[in-house]
Amino acid sequence: MAEESDLEKTEPASARRLEKAREEGNVARSRELTTLVMLGTAMGGLWFSAGSLGGTLERALQKGLRFERDSAFDPSQMMVQAGSMVLHALMAIAPLFVMMVVAAVVAPMMLGGWLFSGKAVSPNFGKLNPVAGIGRMFSAQSLVELVKALSKSALIGGVAWLVIARDLDGVMQLMVLPVSAAIPQTIMMVARDCALIAAALLVVAMIDVPWQLFSYYRKLRMSREDLRQEHKESEGDPQIKAQIRRQQQAIARRRMMSEVPKADIVVTNPTHFAVALKYIDGDMRAPRVVAKGTDLIAQRIRELAVQHKVAVLEAPPLTRALYKHTRLGDEIPSGLYTAVAEVLAWVYQLKRWKNEGIGDAPRTPTDLPIPEALAYTPKTA
């Protein structure tokens, strides 16, 4: 089942998967690159500090081999002299030590960047499982690591053997050189040999770095099901989101319908569109759209208007223009002020005529002025 699962993971890791792996302390690292950087740093430090380091060690050696009668019979003086020698030696190699510490910190960051994760150092008792441990010992990854270790040992060991064999005569000649010349020569020889060994390690690092990157991204590959599940977790389940949208739309629709009985006028298409308008003198600069809809919603708006004795006017051009160019709660466009003012005047006259019953009913407005820029003709099938 594990092999089948690995075969199904054909998709590259998503940005979220990479970020999560990084939070868990899982980043690409190359021990060979770290070793190369540290060895190169040591080589460079020895190469450039050979003169000063040799001089310091020479003076410490001369002082250590020089005995005075008082210090020879005074153990305390001998301890002071020994401490002084150690202090001078430490001060001589301190710059090299600092460089090595910096290299040890910077080298891992060259591939995976800076990372501090508490999860990486937290105890994981699952790693103590002997069955899993045996499985890791005989896994393909362990086989690759074994081949790498053997190949690296053979390459670096062979280079080191050739380098040391070539310098045997030089090592023998050091015994006849004065101390002042032998110590710098020894340091230069060690630095040169380290450089040759580092060159061999460079070949190993050039192979290991791409392999580690390939292996890292391969382990984080995802299946299509993983991608879908991640999308659900980050964006939400589409079915749940659709249900929430439906509930929100239903709540908004109920709220909108509750405004219809408070409207002053409902203009219709007459069947496909309906828009309810309300105007409060002194509180509003212009009439506002309190409800609008098409088809079934438009029909429900008309029914509520009739039920609550709200005036209904068939004005197709005005209704379509209001529906197209306004949203709920918006004031009507300035280009429709004249047409809506005429409609509201008719509404107020109609209310007065119904209340007083004097004279003839007001004339229903027709041919309302609609600017060409606001005219809207719905598409027909």
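Two residues are in contact, or touch, when heavy atoms of one lie within 4.5 Å of heavy atoms of the other. Keep that in mind for the close-ups below, which all come from a predicted model.

**Figure 1. I265 and the residues it touches.** Leaving out residues up to four places away in sequence, I265 touches V275, A276, L277, V310, A311, V312, L313, V343, L344, W346 and V347. That residue also belongs to the largest nonpolar core, a group of 23 residues. Within this core, I265, V267, L277, L318 and L322 are the ones that touch the most other members. Who else chips in? β1 (265–268), β2 (273–278), β4, α15 (316–325) and α16 each supply at least two residues. The top contributor is α16, with 7 residues. Apart from this core sits another one, made of 14 residues, including A263, V266, V290 and A298.

**Figure 2. The buried side of α15.** Which residues of α15 are buried? They are L318, T319, R320, A321 and L322. Their cover includes β1, β2 and α16. You have met two of these buried residues already: L318 and L322 are also among the core members that touch the most others.

**Figure 3. A nonpolar patch on the surface.** Now for the outside of the protein. F97, V98, V101, V102, V105, V106, M109 and M110 form a nonpolar surface patch, and together they have about 700 Å² of accessible area. Take F97 as a sample: this residue is found in helix α6, which covers residues 75–112. F97 has a relative accessible area of 56%, and because the cut-off for "exposed" is over 50%, F97 counts as exposed. As for the spacing of the patch members, here is a handy rule: an α-helix has 3.6 residues a turn, so residues three or four places apart point the same way.

**Figure 4. F48 and A191, far apart in the chain.** F48 lies in helix α3, residues 31–48. It is exposed, with a relative accessible area of 75%. Count along the sequence and F48 is 143 residues away from A191, yet their C-alpha atoms are 9.4 Å apart in space. Across the protein, residues 24 or more positions apart make up 76% of the contacts with a separation of 6 or more.

**Figure 5. Two residues with a positive phi.** Most residues other than glycine have a negative phi. K309 goes the other way: its phi is positive, at about 60°, although K309 is not a glycine. You'll find K309 in the loop between α14 (295–307) and β4 (311–314). Buried or exposed, then, is K309? Exposed, with a relative accessible area of 79%. D367 also has a positive phi, near 50°, and is not a glycine either. D367 sits in the segment after α16 (337–356) and counts as exposed at 78% relative accessibility.

**Figure 6. Spans listed as transmembrane regions.** An unreviewed UniProt entry lists residues 36–57, 86–116, 146–164 and 196–214 under "transmembrane region". Two of these spans get a closer look here. Residues 146–164 are 100% helix and 0% strand, with 26 Å between the end C-alpha atoms. Residues 196–214 are likewise 100% helix and 0% strand, and here the end C-alpha atoms lie 28 Å apart. Zooming out, the protein has 16 helices and 4 strands.

Terms used. Residues are numbered from 1 along each chain as its sequence is written. This is a predicted model: local features need pLDDT of at least 70, side-chain atom pairs count only at pLDDT 80 or more; totals for chains, interfaces and linings use all residues. Side-chain values use heavy atoms; hydrogens and water are left out. Patches are made of residues with over 30% relative accessible area and no salt bridge: like charges are joined within 9 Å, nonpolar side chains (Val, Leu, Ile, Met, Phe, Trp, Tyr) within 5 Å. Accessible areas come from the Shrake-Rupley method with a 1.4 Å probe; for residues, only the protein chains shown count as cover. A salt bridge is a side-chain nitrogen of Lys or Arg within 4 Å of a carboxyl oxygen of Asp or Glu. Buried means under 20% relative accessible area, exposed over 50%, partly exposed in between (1.4 Å probe, protein chains only). A nonpolar core is a set of buried Ala, Val, Leu, Ile, Met, Phe, Trp, Tyr and Cys residues joined through side-chain atoms within 4.5 Å. UniProt positions are given in the numbering used here, feature names are shortened, and annotations may be inferred rather than shown by experiment.
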